[in-house]
Amino acid sequence: MGTLLETQNVCKYFGGLKAVENVDMKVEKGDIFGIIGPNGAGKTTFFNICSGFYAPTHGKIIFNNNDISGVSPDKIARLGMARTFQNIQLFKYMSVLDNVKTGFHIKTESTMTDAILHTNRYKKDKEYVNEKSIEVLKKVGLSKYAETKAGNLAYGIQRKVEIARALALDPTIILLDEPAAGMNPNETDSLREFIKQLNEDGYTIVVIEHDMKFVMRSCNQILVLSFGQKICEGTPEIVKADEQVHQAYFGKGIIAGKGLQ
Ligand SMILES: Nc1ncnc2c1ncn2[C@@H]1O[C@H](COP(=O)(O)OP(=O)(O)OP(=O)(O)O)[C@@H](O)[C@H]1O
Ligand SMILES: [Mg+2]
């Protein structure tokens, strides 16, 4: 299928702290690619580098054959990379539909002046955003919540709304930072199905997750980080059998109770 996202020797230093050190990764088109590692391993920092929120201290990021090292997040988003954040970033007092609409701003061209003067361009953009947002909600099965305030929804549904908003970019790849965190087992199962469906619909997924059951069942390829470095990469079977991975997790009992199932 071909490589969609690749990092080469990526590093990010915060002063003396090597948060990410020489990480190579290859995400192929069609993957559900997992990133795991103990707390503070550098997973979110690595996502921030891939999506342009941090420039790498060293190294290269190639997305869809473009070198995007140091490119701004909005430009990377326009190239087709969407992401969600570790903490839910919805507008709690806005409806689900309005939240999804905010994801489309990058696709429209109206200026503030257009909005004030209600120009034809503004009206056309508004119509487009409304239609597309309704379409996205339908696609992900959230139409019935369109008018509900995001903050009033169950946690698991809020996570899906965030992903729906990310789809507004019409991405080829979606980066999800701990989408199952804080979910109960039913919500986690439903999220797993949801992500599988998105993948079947053609989206390549990269997901950071602590829930090992989730990762081992959903991902075809897994990268393991520990203290900023890659300690293993491969299929769930390879990762499960790796001695260094067991050391990283069980050596210090960091995520006791969430074993490599
Ligand atoms: N902006 C920053 N400035 C300084 N240090 C940072 C910054 N962001 C992250 N760090 C440090 O970099 C290291 C990696 O953090 P990061 O958030 O990437 O880990 P993580 O693997 O996502 O952890 P978690 O599983 O807890 O989310 C940590 O030691 C963290 O304190
Ligand atoms: Mg993190």
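Analyst: Helices (H or I, at least four residues) and strands (E, at least two) are DSSP runs, numbered from the N terminus. This is a predicted model: local features need pLDDT of at least 70, side-chain atom pairs count only at pLDDT 80 or more, and totals for chains, interfaces and linings use all residues. Residues are numbered from 1 along each chain as its sequence is written, while chains are lettered from A and ligands numbered from 1 in the order in which they are written.

User: How do you know that the length of H7 fits a helix?

Analyst: Set its reach against the expected span (1.5 Å times one less than the number of residues). H7 covers residues 185-200, 16 residues in total. The expected value is 22 Å, and the distance from first C-alpha to last is 23 Å. The two are close. Gly202 follows H7, with a positive phi near 110°.

User: What makes a residue of H7 buried, and which residues qualify?

Analyst: Count the other C-beta atoms, placed from the backbone, within 10 Å of its own: 20 or more is buried, 12 or fewer is exposed, and in between is partly exposed. In H7, the buried residues are Leu191, Arg192, Ile195 and Leu198. They fall within an arc of 125° seen down the axis of H7 (the arc of directions from the helix axis to the C-beta atoms), so they line one face of the helix. The face turned away from that buried side carries the exposed residues Asn186, Glu193 and Glu200.

User: What do the buried residues of H7 pack against?

Analyst: Their partners are strands S3 (32-36) and S8 (204-208), together with helices H6 (155-167) and H8 (212-218). Contact here means C-beta atoms, placed from the backbone, within 7 Å.

User: Why does the span of H6 agree with its residue count?

Analyst: At 1.5 Å a residue, its 13 residues should span 18 Å, and the end C-alpha atoms lie 19 Å apart, so the values agree. Its buried residues include Arg159, Glu162, Ile163 and Leu167.

User: Where is Val140, and what does it touch?

Analyst: Val140 sits in the loop between helix H5 (120-139) and H6. Leaving out residues up to four places away in sequence, Val140 touches Lys160 and Ala164. Both of these are among the buried residues of H6. Val140 itself has 18 C-beta neighbours inside 10 Å, so it counts as partly exposed. Along the chain, Val140 and Gln197 are 57 residues apart, yet their C-alpha atoms are separated by 8.9 Å.

User: Why is Asn99 called buried?

Analyst: Asn99 has 23 other C-beta atoms within 10 Å, so it passes the cut-off. Asn99 belongs to helix H3 (residues 96-102). Beyond its neighbours within four places in sequence, its contacts are Leu90, Phe91, Met94, Ala150, Val161 and Arg165. Val161 and Arg165 are also on the buried list of H6.

User: What makes phi at Glu178 and Asn64 worth a look?

Analyst: Most residues other than glycine have a negative phi. Glu178 has a positive phi near 50°, and Asn64 a positive phi near 55°. Glu178 lies in the loop between strand S7 (173-177) and H7. Asn64 lies in the loop between strands S4 (58-63) and S5 (66-67).

User: Why do Glu178 and Asn64 get their burial labels?

Analyst: Glu178 has 20 C-beta neighbours inside 10 Å, so it counts as buried. Asn64 has 16, so it counts as partly exposed.

User: How do you know which residues surround ligand 1?

Analyst: A residue is near a molecule if its C-beta atom, placed from the backbone, lies within 6 Å of it. The residues around ligand 1 are Phe14, Leu17, Ala19, Gly37, Asn39, Gly40, Ala41, Gly42, Lys43, Thr44, Thr45 and Gln86. By class, four are nonpolar, seven polar and one charged. Asp, Glu, Lys and Arg count as charged; Ala, Val, Leu, Ile, Met, Phe, Trp, Tyr, Cys and Pro as nonpolar; the others, Gly among them, as polar.

User: Which elements supply that shell around ligand 1?

Analyst: Strand S2 (17-28) and helix H1 (43-50) each supply at least two residues. H1 gives the most, with three. H1 is mostly covered, with seven of its eight residues buried. Lys43 and Thr45 are among those buried. Just after H1, Gly52 takes a positive phi of about 90°.

User: Why is ligand 1 placed where it is relative to the domains?

Analyst: Domain 1 (1-29 + 51-80) and domain 2 (32-43 + 209-261) both give residues to its shell, so ligand 1 lies between them. The bounds come from an automatic or database domain assignment.

Conventions: Two residues are in contact if their C-beta atoms, placed from the backbone, lie within 7 Å.
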